[in-house]
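Colleague: I am new to this structure and would like a close look at a single part of it, namely its sheets and the aromatic rings beside them. Could you take me through that part slowly, with each term explained as it comes up?

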Amino acid sequence: MKTVAVEIRDSVARLTLRRPDARNALDEVMIAELARAFGELPSSIRAVVLSGEGPAFCAGADAAWMKKSRSYTEEENVRDASTLAAMLRAVDECPCPVVARVHGAALGGGSGLVAACDVAVAAEGTVFGFTEVRLGLIPAVISTFVLPKIGLSAARRYFLTGERFGAREAREMGLVHEVADPAALDARVDALVAEILQAGPEAVAAAKRLLREAPALPRDRAIEHTVRLIARLRAGAEAQEGLTAFLEKRKPRWV
């Protein structure tokens, strides 16, 4: 792949956006390659770290890509937007946790990409923004992934003004979980990955599905679903090993 580097080591996949000269701005090639990278991850992967090479995590949409879209028909724009949605969905629905390592800038689609990740750590000084309205557009496709993270109140301000905001504001609204000194960014990301690797892989995957599925269910169905889910997990080999290890005061086999 030309725009996304994939490194797999010790059950952790590190995906790096590699268009540093363009501040990792999203174009059709990077969108397709990122979706492909997530789709081809081995089932043995237990965590993914998503980062950007160069001065920024992702500076939004590529100018040449946007220029090309000016001549698209509505149907062509539907196909184009659908590829972005499919890529964000691939990140969001990755079976294992995705940790975003964010630095420099995460604007427009870059902020959408951060929202699609499960955990996000931003370097102090990172600039965020849902800046689409400044171009006469709206953060439409990314809203599916951003709204559950930041809520309507923050979206009503930042979607409508298009103003940029800092890492601490991003943390306050829930877009990122931690803000770190740039020199400590990798250490914090690695520490969070280490926490994930302490947990049962099947349990983590089930918890991630639960977070996505339960809020969409009616209350009675949600309760029934969660009762059956925990009953199935308790009877499974991973939970049996986890409980046995706890009682025997040893580490479970997956650690």
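Modeller: What follows goes through one sheet, then a second, and then the ring pairs.

This is a predicted model, in which local features need pLDDT of at least 70 and side-chain atom pairs count only at pLDDT 80 or more, while totals for chains, interfaces and linings use all residues. Residues are numbered from 1 along each chain as its sequence is written, and side-chain values use heavy atoms, with hydrogens and water left out.

Strands (E, at least two residues) and helices (H or I, at least four) are DSSP runs numbered from the N terminus, and two strands pair if DSSP finds at least two bridges between them. In general, strands of a sheet pair through backbone hydrogen bonds, either parallel or antiparallel.

One open sheet has 6 strands in the order E1-E2-E3-E4-E6-E9, and its pairing is mixed. Strand E1 (4–9) and strand E9 (178–180) stand at the edges with a single partner strand each, so one side of each is left without a neighbour in the sheet. From one strand to the next, the twist averages 20°, where axes are lines fitted to C-alpha atoms (for helices over the stretch in contact) and angles run from 0 to 180 degrees between N-to-C directions.

Within this sheet, strand E4 (residues 98–102) pairs with E6 in the parallel sense over 4 bridges, and Val-102 has Ala-122 of E6 as its bridge partner. Strand E6 (residues 119–123) in turn pairs with E9, again in the parallel sense, over 3 bridges. Ala-122 has Val-179 in E9 as a bridge partner, and Val-121 has Glu-178 in E9. E6 is mostly covered, since 4 of its 5 residues are buried, where buried means under 20% relative accessible area, exposed over 50%, and partly exposed in between (1.4 Å probe, protein chains only).

The second open sheet has 3 strands in the order E5-E7-E8, also with mixed pairing. Here strand E5 (105–107) and E8 stand at the edges, each with a single partner strand, so one side of each is left without a neighbour in the sheet. In this sheet the twist averages 25° from one strand to the next. E5 and E7 run parallel and are joined by 3 bridges, with Val-127 in E7 as the bridge partner of Ala-105.

The aromatic residues can now be added to this picture. Rings of Phe, Tyr and Trp (its six-membered ring) pair if their centres lie within 6.5 Å, and planes under 30 degrees apart count as stacked, over 60 as edge-to-face and the rest as tilted. By this rule the count comes to 4 aromatic pairs. One of them joins Phe-130 and Phe-165, whose ring centres are 6.0 Å apart and whose planes stand at 40°, so the pair is tilted. This pair links distant parts of the chain, 35 residues apart, with Phe-130 in the loop between strand E7 (127–129) and helix H5 (140–161), and Phe-165 in strand E8 (residues 164–166). Both Phe-130 and Phe-165 are buried. Tyr-158 and Phe-165 form another tilted pair, because their ring centres are 4.5 Å apart and their planes are at 55°. Tyr-158 counts as buried at 8% relative accessibility, and Phe-165 is buried with a relative accessible area of 5%. Ring pairs link Phe-128, Phe-130, Tyr-158, Phe-159 and Phe-165 into a cluster.
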